[in-house]
Amino acid sequence: MGSTLNTIFLVTVAIAALFQISLAQRDYVVGDALGWVIPPGPSVYATWAANKTFTAGDALVFNFLNGSHDVAKVTKANFDSCNGGNALLLLTNSPANVTLNETGSHYFICGFSGHCGAGQKLAVNVNAAGSSPAPQPSAAPPRGSSPAPLPSSPSPAPVSGPTRSPTTYTVGDNLGWTVPTSGASMYQTWANGKNFMVGDILVFNYVTGTHDVAEVTRAAYQPCNTSNLLSNFTTGPTRITLQTAGEHFYICAVPGHCAAGQKLAINVTGSSTATPPSPSPTPSPSPSTATPPSPSTAPPPSSTATPPNPSTPSPAGDNNNTPSTPGNSATSLSVASLTATLPCLIVAFLM
């Protein structure tokens with residue numbers, strides 16, 4: 001009888017231990033929906049890591065466009081100086097999974113020129129299982145950069161017809177204005193369901209020197225033609241006040257960025273009751289200008305053309321596969337480990 005009770009006790013302890021391990025190990029998608037890109041501000045990834053507790057056995061998942069970014073694990077000295085020349089580990093295919101097998105501080109940067117300096121860097125502190133969590137390391141702002149200022153709220157301006165206060169829209173929300181990793185239609189998905197009115201303001205958040213904002217015609221929008229821009233803004237953040245009704249088309253004119261999905265088409269109306277214009281084969285939209293507001297609404301046009309893959313050259317070993325997006329929830333050890341263990345314990349019990 002005593003032997004049976006001991007066996008039952010050991011089985012219970014083993015099962016509890018397996019469940020404890022499965023609950024402890026997690027996958028963290030770096031940047032969540034933003035992915036691993038040049039961020040709209042230099043402290044984005046430090047802020048993302050600040051409220052998380054990383055434990056030995058957890059994994060970091062870096063989602064990015066192959067050929068546009070990579071993941072380099074470096075020393076603290078090289079992290080601070082953005083030196084990717086002597087990387088401890090270099091991953092060029094997305095999604096890049098890094099298992100945190102050791103406790104202590106771990107440092108990751110993008111090895112592409114200028115990307116780390118623009119804020120594409122991450123430092124994490126890894127704790128031993130069951131220990132008190134240590135604070136995450138604070139990353140100093142990249143050299144020569146300053147945080148992107150937040151857009152200020154516009155003052156309402158009188159307009160004819162039905163009115164409302166002008167609305168300021170941050171393009172892409174937290175993602176900002178960048179090459180999207182979640183698909184070529186990301187910015188059209190963001191615009192769907194929004195009512196853009198004359199007087200509203202679009203704010204494009206990006207790091208100066210890495211992107212720009214160009215307004216183009218519909219004919220130039222589909223093929224990402226940058227030869228005849230209606231307007232071009234090169235300093236982030238760019239604020240554009242929508243002063244005319246009709247269709248407006250914006251792209252990033254940096255080579256390969258528009259083709260990779262960094263493009264936005266919207267419909268603007270001067271009245272909250274107006275019917276959105278039907279796109280004609282060759283509309284000639286008027287350019288928006290970055291001057292003060294004055295309001296009114298319409299849903300954005302849908303973009304059906306699927307842009308080609310970006311032409312940015314791939315680093316060595318890159319197969320340019322489109323990254324899959326793993327789930328952002330905590331993942332536990334495979335149930336298969338429990339399934340394999342339980343029969344062994346039952347056999348032990350019967351013997």
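Helices (H or I, at least four residues) and strands (E, at least two) are taken here as DSSP runs, numbered from the N terminus. On that count, the protein chain has six helices and 15 strands. This is a predicted model, so local features need pLDDT of at least 70 and side-chain atom pairs count only at pLDDT 80 or more, while totals for chains, interfaces and linings use all residues. Residues are numbered from 1 along each chain as its sequence is written, and side-chain values use heavy atoms, with hydrogens and water left out.

Confidence comes first. pLDDT is the predictor's confidence in each residue, on a scale from 0 to 100. Its mean over the protein chain is 74, and 60% of the residues reach 70 or more. Among the elements, strand β4 (residues 71-74) has the highest mean pLDDT, 96, and helix α6 (residues 335-350) the lowest, 51. Over residues 141-162 the pLDDT drops below 50, and beyond near neighbours in sequence this stretch has 41 contacts in the model (contact meaning heavy atoms within 4.5 Å). Residues 272-299 also stay under 50, and for them the model has 91 contacts beyond four places in sequence.

On to the chain as a whole. Of its 351 residues, 42% count as buried (under 20% relative accessible area; exposed is over 50%, and partly exposed lies in between, with a 1.4 Å probe and protein chains only). The accessible surface of the chain comes to about 16700 Å², and carbon and sulfur atoms own 57% of that (Shrake-Rupley method, 1.4 Å probe; for residues, only the protein chains shown count as cover). Among contacts between residues at least 6 apart in sequence, 77% join residues at least 24 apart.

Next, a sheet. Strands of a sheet pair through backbone hydrogen bonds, either parallel or antiparallel. Here two strands pair if DSSP finds at least two bridges between them. One open sheet has three strands in the order β1-β3-β6, with mixed pairing. Strands β1 (27-29) and β6 (96-99) stand at the edges with a single partner strand each, so one side of each is left without a neighbour in the sheet. From one strand to the next, the twist averages 20° (axes are lines fitted to C-alpha atoms, for helices over the stretch in contact, and angles run from 0 to 180 degrees between N-to-C directions). Strand β3 (residues 59-62) is joined to β6 by four bridges, and the two run antiparallel. V61 stands opposite N97 in β6.

Then the charged pairs. Side chains of opposite charge can pair when their charged atoms come close. With a salt bridge taken as a side-chain nitrogen of Lys or Arg within 4 Å of a carboxyl oxygen of Asp or Glu, the count comes to two. One of them joins K76 to D80, with the closest N and O atoms 2.8 Å apart. Both residues lie in helix α3 (residues 76-81), four residues apart, or about one turn of the helix. K76 counts as partly exposed because its relative accessibility is 45%, and D80 counts as partly exposed at 39%. R218 and E247 also meet in a salt bridge, at 3.6 Å from N to O. This pair links distant parts of the chain, with R218 in helix α5 (residues 218-221) and E247 in strand β14 (residues 246-251), 29 residues apart. E247 counts as buried because its relative accessibility is 8%.

Finally, some backbone details. Most residues other than glycine have a negative phi, and most peptide bonds are trans. A cis peptide bond joins S94 and P95, with omega about -5°; P95 sits in the loop between β5 (89-91) and β6. Another cis peptide bond joins G236 and P237, with omega also about -5°, and P237 is in the loop between β12 (231-233) and β13 (238-241). D32 is a residue other than glycine with a positive phi, near 55°. It is found in the loop between β1 and α2 (44-50) and counts as partly exposed at 31% relative accessibility. D173, not a glycine either, has a positive phi of about 55°. D173 lies in the loop between β9 and α4 and is partly exposed, with a relative accessible area of 45%.

The loop between β9 (168-170) and α4 (186-191) also holds G172, which is buried at 8% relative accessible area. Leaving aside residues up to four places away in sequence, G172 touches Y187 and W190. G172 and Y187 are 15 residues apart in sequence, yet 6.3 Å apart in space, C-alpha to C-alpha.
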